[in-house]
Amino acid sequence: MLRPSIFSENLFDDFFGFDRPALGYHRGHTSDIMKTDVQEFDTGYELDISLPGYKKEDIQAELKDGYLTISAETSQDSDEKDEKTGRYIRRERYYGSCSRSFYVGRDVKQEDVKARFEDGVLKLTIPKMDAKKPEIEQKKLIAIEG
């Protein structure tokens, strides 16, 4: 029988099975935010970044010094206007900011990166740039007469 413990931090945690690693839930853990799948193709890479609960307006992508940084921010204030007359007993939706950076190379330009946001997933397409091999300096020997 499932019985809540009176000694736990929250009566509802035990009752609903929260805060149990076996069930994949940890209190205060944002494990579903910004999980990323990266696929490599002949012409480039495709990244799928999970951003559940965010809107397109909440997300920014910046390319600087070869690093592509994705950041997202949402606040509780935007949800307050939809609040009904009842009061919350528990809120588990994530509010705050998060960011993640990926090194894509200094040759990638802003106009090369394509992005679209649908169904809570940011999809980025980044082309492969031809890697420039460093030139190996040829030895220039000086003839010694003798």
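**Pocket, strands and core of the predicted model**

The second largest pocket has a volume of about 260 Å³. Among the 15 residues lining this pocket, Tyr45, Tyr103, Val104, Gly105 and Ile126 lie closest to its centre. Strands β2, β5 and β7 each contribute at least two residues to the lining of the second largest pocket. These values, like those that follow, derive from a predicted model.

The strands were examined next. An open sheet is formed by three strands, arranged in the order β3-β4-β5 with antiparallel pairing. Its edges are occupied by β3 (59-64) and β5 (96-103), each of which pairs on one side only. On average, neighbouring strands of this sheet are turned by 15° against each other, direction ignored. Within the sheet, eight bridges connect β4 (residues 67-74) with β5 in the antiparallel sense. Ala72 has Cys98 of β5 as its bridge partner.

A further antiparallel pair consists of β1 (residues 36-40) and β2 (residues 44-50), joined by five bridges. The connection from β1 to β2 is a hairpin of three residues. In this pair, Gln39 is bridged to Glu46 of β2. In general, the strands of a sheet pair through backbone hydrogen bonds, in either a parallel or an antiparallel arrangement.

Attention then turned to the nonpolar interior. The largest nonpolar core contains 17 residues, of which Ile49, Leu51, Ile70 and Leu124 touch the most other members. At least two residues of this core come from each of β2, β4, β5 and β7 (121-127). Nonpolar side chains tend to be buried together in soluble globular proteins.

The surroundings of Ile49 were considered in detail. When residues up to four places away in sequence are not counted, Ile49 touches Met34, Lys35, Thr36, Ile70, Phe102, Gly120, Val121, Leu122 and Leu124. Two of these contacts, Ile70 and Leu124, are themselves listed with Ile49 among the core residues that touch the most other members. Strands β2, β5 and β7 thus recur, as each supplies at least two residues of the core and at least two of the lining of the second largest pocket.

Outside the strands, Lys109 is located in the loop between β5 and β6 (114-118). The relative accessibility of Lys109 is 43%, and this residue is therefore classed as partly exposed, a category that lies between the limits of 20% and 50%. Although Lys109 and Gly66 are separated by 43 residues in sequence, their C-alpha atoms are 8.6 Å apart in space.

Methods
Residues numbered from 1 in each chain as written. Predicted model: local features only at pLDDT ≥ 70, side-chain atom pairs only at ≥ 80, totals over all residues. Heavy atoms only, no water. Pairing = 2+ DSSP bridges. Helix = DSSP H or I, 4+ residues; strand = E, 2+ residues; numbered from the N terminus. Axes fitted to C-alpha atoms, helices over the stretch in contact; angles between N-to-C directions. Core = buried A, V, L, I, M, F, W, Y, C linked by side-chain atoms within 4.5 Å. Buried < 20%, exposed > 50% of the residue type's maximum accessible area, 1.4 Å probe, protein only. Contact = heavy atoms within 4.5 Å. 1 Å grid on protein atoms, 1.4 Å probe; cavity = no way out; pocket = protein on both sides within 12 Å on 5 of 7 lines; lining within 4 Å. Points joined across faces, edges and corners; volume = space filled by probe spheres on them.
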